[in-house]
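Work through the exercises below with the structure at hand, and try each task before reading the solution that follows.

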Amino acid sequence: MKIFQHVSDLGDLKLALEEAKAVKADRYQYQNLGNNKTCMLIFFNNSLRTRLSTQKAAMNLGMNVIVLDVNQGAWKLETERGVIMDGDKSEHLLEAIPVMGCYCDIIGVRSFARFENRQDDYEEKILNQFIKYSGKPVFFMESATVHPLQAFADLITIEEYKRTERPKVVLTWAPHPKALPQAVPNSFAQWMHAADVDFVITHPEGYELDPKFAGGCRVEYDQKKAFEGAQFIYAKNWSCPGVTRPEDYGKVLSKDMSWTVDSEHMSWTDNAFFMHCLPVRRNMIVSDDVIEAPTSIVIPEAANREISAQVVLKRMLESLN
Ligand code: AN0
Ligand code: CP
């Protein structure tokens with residue numbers, strides 16, 4: 001595997017889930033696979049889980065790890081070609097990327113949506129430059145439009161906790177004070193559509209996800225109806241994807257607190273498990289009692305980030321020549 005961006009990059013999803021299970025059962029069985037190989041993690045944005053779980057996964061495989069927070073200590077980077085660099089940016093991404101590629105065997109990059117220009121974000125302008133100019137396999141650690149390591153961990157978690165063969169899984173929008181990217185819901189929709197689950201998305205009008213990711217997924221605008229019979233509630237805020245009104249891209253269209261997942265919401269479900277990728281704002285997205293309930297699986301979900309990262313790194317190591 002040379003790129004990890006979409007669910008299709010894993011090939012057969014059932015096989016990938018079996019591999020995840022095997023890795024979890026003995027996460028040190030490949031501890032020599034990554035000997036003398038270096039994993040570089042580049043962060044343009046903050047992180048707790050991705051940073052720690054991916055380092056841990058790389059170490060389980062015997063890799064060396066280098067982490068760079070671009071905004072803390074590196075030169076300020078220009079990303080546009082043709083700019084006269086007479087401002088505060090000392091280096092261009094077009095030199096920085098191949099230089100980073102010199103020092104590693106595999107690169108992970110986190111670079112969120114900037115919300116300046118929908119087309120730039122949805123074309124994955126930054127990550128595609130890493131693919132083109134680093135000369136190394138690249139895995140996405142939340143880009144402008146996707147967060148595949150999260151979605152893979154989410155699917156592993158659903159597999160572990162499901163009580164029926166084909167559980168009902170609901171992705172629900174919930175309110176948040178600031179504009180957040182669509183990467184997590186985009187990937188979650190893409191992965192759930194590919195998985196063997198009964199998947200429903202619910203959100204206020206105007207929050208329709210891009211069909212590139214959620215095409216073919218069922219949308220139910222009535223949150224209560226969507227929750228009925230659900231075995232997994234996956235809450236997440238996202239800002240306007242700008243599908244129907246491009247001028248609204250990245251805007252907060254609603255802060256409707258009736259969408260906050262509380263115990264009344266959970267009572268509409270089939271005793272559902274509560275999931276969220278974290279970090280989560282309590283009593284905006286989810287009430288204290290729901291996230292603290294025995295049916296909340298946010299911590300095992302986060303724990304599975306180590307497993308999803310390890311499967312991805314293992315496959316990338318196996319395809320190095
Ligand atoms: C980010 C987001 O919503 O995409 C990261 C989630 C994993 N969340 C925040 O910025 C709070
Ligand atoms: N869920 C997730 O990716 O968390 P971090 O932003 O802390 O890495």
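**Exercise 1.** In this predicted model, find which residues are around ligand 1 and sort them by class.

*Solution.* Begin by collecting the residues around ligand 1, which are F112, E142, H147, L180, P181, K236, C277 and L278. Next, sort this shell by class, which gives five nonpolar residues, one polar residue and two charged residues. Then look at the side chains that make polar contacts: an N or O atom in the side chain of E142 is 2.6 Å from an oxygen atom of ligand 1, and for K236 the corresponding distance from a side-chain N or O atom to an oxygen atom of the ligand is 2.7 Å. Finally, consider the cover given by the protein, which buries 82% of the 330 Å² that ligand 1 exposes when taken alone.

**Exercise 2.** Describe the surroundings of ligand 2, and state which domains its shell draws on.

*Solution.* First list the residues that surround ligand 2, namely S47, L48, R49, T50, R110, H147, Q150, C277, L278 and R305. By class, this shell holds three nonpolar, four polar and three charged residues. As for the domains, at least three residues of the shell come from each of domain 1 (3-146 + 305-320) and domain 2 (150-301). Now turn to the contacts with oxygen atoms of ligand 2, where a polar side-chain atom of S47 lies at 2.6 Å and a polar side-chain atom of R49 lies at 2.8 Å. A nitrogen atom of ligand 2, in turn, has a backbone N or O atom of L278 at 2.8 Å. With these contacts in place, the protein covers 93% of the 250 Å² of accessible area that ligand 2 has on its own.

**Exercise 3.** Determine which pocket holds ligand 1 and which holds ligand 2, and explain why the largest pocket lies between the two domains.

*Solution.* The space taken by ligand 1 is the largest pocket, and the space taken by ligand 2 is the largest pocket as well. This pocket contains about 590 Å³ of space, and its lining consists of 25 residues, of which R110, F112, L180, L278 and P279 lie nearest its centre. Its lining divides into 10 nonpolar, eight polar and seven charged residues. Because domain 1 (3-146 + 305-320) and domain 2 (150-301) both give residues to this lining, the largest pocket lies between them.

**Exercise 4.** Characterise the second largest pocket by its volume and its lining.

*Solution.* Start with the volume of the second largest pocket, which is about 320 Å³. Then examine its lining of 16 residues, of which F44, V70, N71, L77 and R114 lie nearest the centre.

Conventions: Residues numbered from 1 in each chain as written. Chains lettered and ligands numbered in written order. Predicted model: local features only at pLDDT ≥ 70, side-chain atom pairs only at ≥ 80, totals over all residues. Heavy atoms only, no water. Near = heavy atom within 4 Å. Polar contact = N/O pair within 3.5 Å; in protein donor to acceptor, adjacent residues only side chain to side chain. Areas by Shrake-Rupley, 256 points an atom, 1.4 Å probe, with all protein chains shown as cover. 1 Å grid on protein atoms, 1.4 Å probe; cavity = no way out; pocket = protein on both sides within 12 Å on 5 of 7 lines; lining within 4 Å. Sits in = over half its atoms within 2 Å of the grid points. Nonpolar A, V, L, I, M, F, W, Y, C, P; charged D, E, K, R; others polar. Domains from an automatic or database assignment. Points joined across faces, edges and corners; volume = space filled by probe spheres on them.
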